[in-house]
Amino acid sequence: RRVLFRSDAGAVALNVTVDAVTTPATGYLTVYPAGVPRPTASTVNHRPGAIVPNGTAVRIGVGGAIDLSTFGGCVRVIVDVVGWYSGGAPIAERGFGGLTPARILDVPAAWVCPNPALGTARTFDLQIAGAIGSGVPADARAVALNVTVDVPGGPGFLTVYPAGAARPNASNLNYVAGSTVANGVLSGIGANGAITVHSSSGCPRIVVDAVGTFVTAHQPPQ
């Protein structure tokens, strides 16, 4: 399905909801710029009987449009527009550059908690600025992400924050055993161009997709 937006917008901020109450299958929804191949990144992951929202930012593509693609089940999709970013080239300093969603990280539970007997909390750094295939410039200082936690063994929370900074009390995702939860995340980029990902417990699979970046100097559009 294709959705059209105003012609002078370069990217749009959305709240996307999947209503999977009647579908018998698990699956996912991907939102991406019109005119590009469907990426491997997902925006919303759903299970039968669930109503799942997620905030995201999307670069607007060919014809002032974005594309929506569903996989698994037959779901109702609701798209609410909550903001938009001006287009133009080059992107102004500290401006937002929307990206074609790119998968930066997909780690299994066994990697997140290699030895659960020693504790189920896990904290690791993830290079985001200049990461190959991400579209995030090497000098970027902030990033827009879609972060997903999949099938944790127990309840917990996940926090994303700039590498080198003290871990804040805030959480980006809260989950229970067996759930699949995604959320849009804005994070500063810290030491060595990295962010830090902390999961408190439950040994979940963690997936990180880059959907946009805030530039530090005038740059051409991505």
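These questions and replies concern a cavity, an aromatic pair and a sheet in a predicted model.

Residues are numbered from 1 along each chain as its sequence is written, and side-chain values use heavy atoms, without hydrogens or water. In this predicted model local features need pLDDT of at least 70 and side-chain atom pairs count only at pLDDT 80 or more, while totals for chains, interfaces and linings use all residues.

Me: Why is Tyr85 with Phe96 called a stacked aromatic pair?
Reply: Rings of Phe, Tyr and Trp (its six-membered ring) pair if their centres lie within 6.5 Å, and planes under 30 degrees apart count as stacked, over 60 as edge-to-face and the rest as tilted. The centres of Tyr85 and Phe96 are 4.2 Å apart and their planes are at 25°, so the pair counts as stacked.

Me: Where in the chain do the two partners lie?
Reply: Tyr85 is in strand E7 (residues 76-86) and Phe96 is in strand E8 (residues 96-107), eleven residues apart. Strands here are DSSP runs (E, at least two residues), numbered from the N terminus. Ring pairs also join Phe214 to Tyr85 and Phe96 in a cluster.

Me: What makes Phe96 buried or exposed, and which class does Tyr85 fall in?
Reply: Buried means under 20% relative accessible area, exposed over 50% and partly exposed in between (1.4 Å probe, protein chains only). Phe96 has 10% and therefore counts as buried. Tyr85 has 25% and so counts as partly exposed.

Me: How do you know which strands stand at the edges of the open sheet?
Reply: Two strands pair if DSSP finds at least two bridges between them. The order is E8-E15-E10-E13, with antiparallel pairing. E8 and E13 (180-188) each have a single partner strand, so one side of each lacks a neighbour in the sheet.

Me: What makes E10 and E13 a pair?
Reply: Strand E10 (residues 142-150) and E13 share nine bridges in the antiparallel sense, against a requirement of at least two. Thr148 has Ala182 in E13 as its bridge partner.

Me: What is called a cavity here, and how many reach 30 Å³ or more?
Reply: On a 1 Å grid over the protein atoms alone, a cavity is a set of points where a 1.4 Å probe fits but cannot get out; lining residues have an atom within 4 Å of a point. Grid points are joined across faces, edges and corners, and a volume is the space filled by probe spheres set on the points. One cavity is of 30 Å³ or more, and the largest has a volume of about 50 Å³. Its lining includes Val31, Thr56 and Asp209. Strand E5 gives the most to that lining, with three residues.

Key
On a 1 Å grid over the protein atoms alone, a cavity is a set of points where a 1.4 Å probe fits but cannot get out, and a pocket is an open set with protein on both sides within 12 Å along at least five of seven lines; lining residues have an atom within 4 Å of a point. Helices (H or I, at least four residues) and strands (E, at least two) are DSSP runs, numbered from the N terminus.
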